[in-house]
Amino acid sequence: MGPIWIMAGYGSLSIRMGRHWAQILSRHGARVHARFWPGKTRVVIVPKGLAPGILTQLLSPCGDDVTCLHQAWMEEAVRRCLSLGGRKRDREGGRAGTADLALPPLNPYYYHVNALPRPEEKMNVAAGKEKRRGRQTTEEAEKEEEGGEGESGLGGRHRQLETAKWTCREASRAGLLNHNVHLTVFLDELIAIYDMLGSDIAGGRYRRAQYHRFVQILRGLPFAINKDNLRSLKKKRGIGSSMLKDIGEILEYGRLSRLEALKRREGVEACLSFQKVWGVGPATARALFTHDKIQSISELRARVRSHPGILNENQRVGLRYYEEFQERIPRSEVRKIEERVREGTEALYPGMFILTTCGSYRRGASHCGDVDILFAPISDATDDKSDSYFGVCRLGDGYLHRRLDLKVYSRQQYPFAVLYFTGSDHFNRSMRCWAIKHKGEALEKEHDYGGDSDREETWDRANKKEAWALSPSEME
DNA sequence: AGGCAGCGCAC
DNA sequence: GTGCGC
DNA sequence: GCCT
């Protein structure tokens with residue numbers, strides 16, 4: 001076994017256990033790193049809830065030969081070690097004559113990079129599959145999309161096909177059929193309004209987030225909510241009495257009176273449209289309406305012509321492409337953009353960068369809001385500085401302008417950044433939550449897993465990076 | 001009652 | 001310091 | 001908004 005990184009601090013694998021294992025392993029002569037070290041770390045212990053296969057895919061560009069072992073495998077290994085070796089109370093240690101780790105059989109908790117198709121190969125499979133749809137116009141693809149919502153046959157089937165083989169998509173419901181459009185249409189409007197009201201309402205930001213979460217849950221359900229199964233929502237975390245009441249009202253009367261009341265407020269309609277401009281948030285939207293007396297996007301455009309200063313540079317770009325940015329990007333086009341970026345990168349910096357397109361694209365969505373591409377230099381980068389670009393791109397004539405984000409991270413941070421920017425939000429949040437809760441269990445220096453080159457790494461620093469980490473497989 | 005993430009950039 | 005998007 |  002080469003140098004090991006125990007991915008402690010995630011999900012079910014506590015720092016404490018990680019430390020415990022690290023001690024056991026190092027007594028047997030293993031070297032344990034405090035964090036993933038590209039090119040050096042050879043083995044990664046993967047917590048429950050993260051699929052080793054996903055990690056393998058993520059890490060493969062960073063090290064040629066990384067093996068991912070599941071936590072369950074490690075537990076088994078340690079159990080056998082303790083029972084066979086019988087030295088669990090032996091503090092004095094040395095590495096004197098106890099049994100070696102009696103390793104359990106590897107399947108199914110073991111993944112090796114070379115045992116799996118490389119990510120690139122998988123991409124090509126997808127590429128072929130996309131080709132058929134790639135020739136359709138956006139409108140046609142859209143139609144297919146919406147048709148699927150009405151009559152559940154079409155959309156569902158083709159997506160199932162697309163989803164089947166993708167490890168990184170297995171647990172994701174992105175792009176699946178929404179069986180609860182009858183509810184989410186109302187709640188989406190409500191969310192937009194809460195977004196707009198922002199700080200007007202006490203805890204507005206979090207109220208909005210709560211509804212957002214709720215809508216995600218509804219979208220992910222494999223069935224439609226009706227009066228009979230309404231109660232099944234009750235036990236879900238994050239769904240309280242207000243939300244159940246809302247759903248009850250919609251199911252009963254087909255309307256949401258609270259939403260209607262909010263929509264009647266003066267300026268709501270205008271502000272909602274302003275906020276759809278990239279870079280315009282609640283405050284700017286309200287100022288445009290109340291201070292500048294602007295009532296619509298077309299008025300806003302006129303006013304910006306005479307007074308460009310009322311919007312900043314980014315917002316003006318957002319306004320210019322207002323309509324285009326509302327459109328979702330077909331998966332096939334995201335892939336083309338990725339390819340174009342890859343070509344450009346190769347032309348400028350041949351062989352110097354690896355890149356991954358993250359966001360909902362990586363979660364397997366059939367349509368995305370923007371394109372989010374992460375880079376890392378292949379060569380050893382000593383610092384963890386990052387850089388990013390938030391801008392606009394277009395493939396060429398006949399294509400729409402699209403939002404494009406480019407972010408560069410060090411090779412060390414790259415896998416975690418990829419994980420993080422793959423989302424979803426909700427999943428990210430839950431990990432963050434977890435990380436904070438356990439911040440107290442900061443790693444003592446002497447317990448720094450005996451890492452070699454990275455001994456000085458503090459938990460806080462490591463935590464910051466690790467708090468990145470979320471896995472698409474963990475999403476509900 | 002208090003927390004719900006926190007950062008960098010533009011202004 | 002605020003607003004915004006990430 | 002919901003949760004502790």
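The questions and answers below go through a predicted model of a protein chain with DNA strands, and ask how its descriptions are reached.

Q: What is the make-up of chain A in helices and strands, and how many of its residues are buried, as a percentage?
A: The secondary structure of chain A comes to 20 helices and 11 strands. Of the 476 residues in chain A, 47% are buried, a word that here stands for a relative accessible area under 20%.

Q: What share of the contacts in chain A with a separation of 6 or more joins residues 24 or more positions apart?
A: Such pairs account for 70% of the contacts in chain A that have a separation of 6 or more. As for the outside of the chain, its accessible surface comes to about 24400 Å², and 51% of that surface belongs to carbon and sulfur atoms.

Q: Why is C358 called buried?
A: The relative accessibility of C358 is 2%, and a residue counts as buried when the value is under 20%, so C358 meets the condition.

Q: What makes C368 a buried residue?
A: C368 has a relative accessible area of 0%, and since the limit for a buried residue is under 20%, C368 is therefore buried.

Q: How many disulfides does a search of the whole structure find?
A: The search finds zero disulfides, where the test would be a pair of cysteine sulfur atoms within 2.5 Å.

Q: Why is S360 called buried, and where is S360 found?
A: S360 is found in helix α17, which covers residues 359-362. Its relative accessibility is 18%, and the limit is under 20%, so S360 counts as buried. Leaving out residues up to four places away in sequence, S360 touches A365, H367, C368 and G369.

Q: Why does Y322 count as buried or exposed, and which helix holds Y322?
A: Y322 has its place in helix α15. With a relative accessibility of 10%, set against a limit of under 20% for buried residues, Y322 is therefore counted as buried.

Q: What is Y322 in contact with, leaving aside its neighbours within four places in sequence?
A: Y322 is in contact with S273, K276, V277, I297 and R301. With S273 there is also a polar contact, in which the side chain of Y322 reaches the backbone oxygen of S273 at 3.2 Å, and the cut-off for such a pair is 3.5 Å. Y322 and F274 are 48 residues apart in sequence, and their C-alpha atoms are 9.5 Å apart in space.

Q: Which residues of helix α14 are buried, and what covers them?
A: In α14, residues 313-320, the buried residues are Q315, V317, G318 and L319. Their cover includes α12 (282-291), α13 (297-306), α15 (322-326) and β10 (387-393). At the start of α14, a side-chain oxygen of N312 comes to within 3.0 Å of the backbone nitrogen of N314.

Q: Which residues come nearest to DNA strand D, and what part of the strand do the protein's neighbouring atoms belong to?
A: Of the 13 residues around DNA strand D, those that come nearest are Y194, R207, Q210, G240 and R258. Of the atoms of DNA strand D that come within 4 Å of the protein, 78% belong to sugar and phosphate.

Q: How do you know that R258, G240 and S242 make polar contacts with phosphate oxygens of DNA strand D?
A: A polar contact is a pair of N or O atoms within 3.5 Å. A polar side-chain atom of R258 lies 2.2 Å from a phosphate oxygen of DNA strand D, a polar backbone atom of G240 is 3.0 Å from a phosphate oxygen of that strand, and an N or O atom in the side chain of S242 is 3.2 Å from a phosphate oxygen.

Q: Which helix gives the most to the surface near DNA strand D?
A: Helix α8 gives the most, with four residues, while α8 (204-220) and α9 (241-253) each supply at least two. By class, this surface has five nonpolar, five polar and three charged residues.

Q: Which residues come nearest to DNA strand C?
A: G279, G281, A283, T284 and R403 come nearest, of the 13 residues around DNA strand C. Sugar and phosphate account for 100% of the atoms of DNA strand C within 4 Å of the protein. Polar backbone atoms of G279 and A283 are each 2.9 Å from a phosphate oxygen of DNA strand C.

Notes
Residues numbered from 1 in each chain as written. Chains lettered and ligands numbered in written order. Predicted model: local features only at pLDDT ≥ 70, side-chain atom pairs only at ≥ 80, totals over all residues. Heavy atoms only, no water. Near = heavy atom within 4 Å. Polar contact = N/O pair within 3.5 Å; in protein donor to acceptor, adjacent residues only side chain to side chain. Nonpolar A, V, L, I, M, F, W, Y, C, P; charged D, E, K, R; others polar. Buried < 20%, exposed > 50% of the residue type's maximum accessible area, 1.4 Å probe, protein only. Contact = heavy atoms within 4.5 Å. Areas by Shrake-Rupley, 256 points an atom, 1.4 Å probe, with all protein chains shown as cover.
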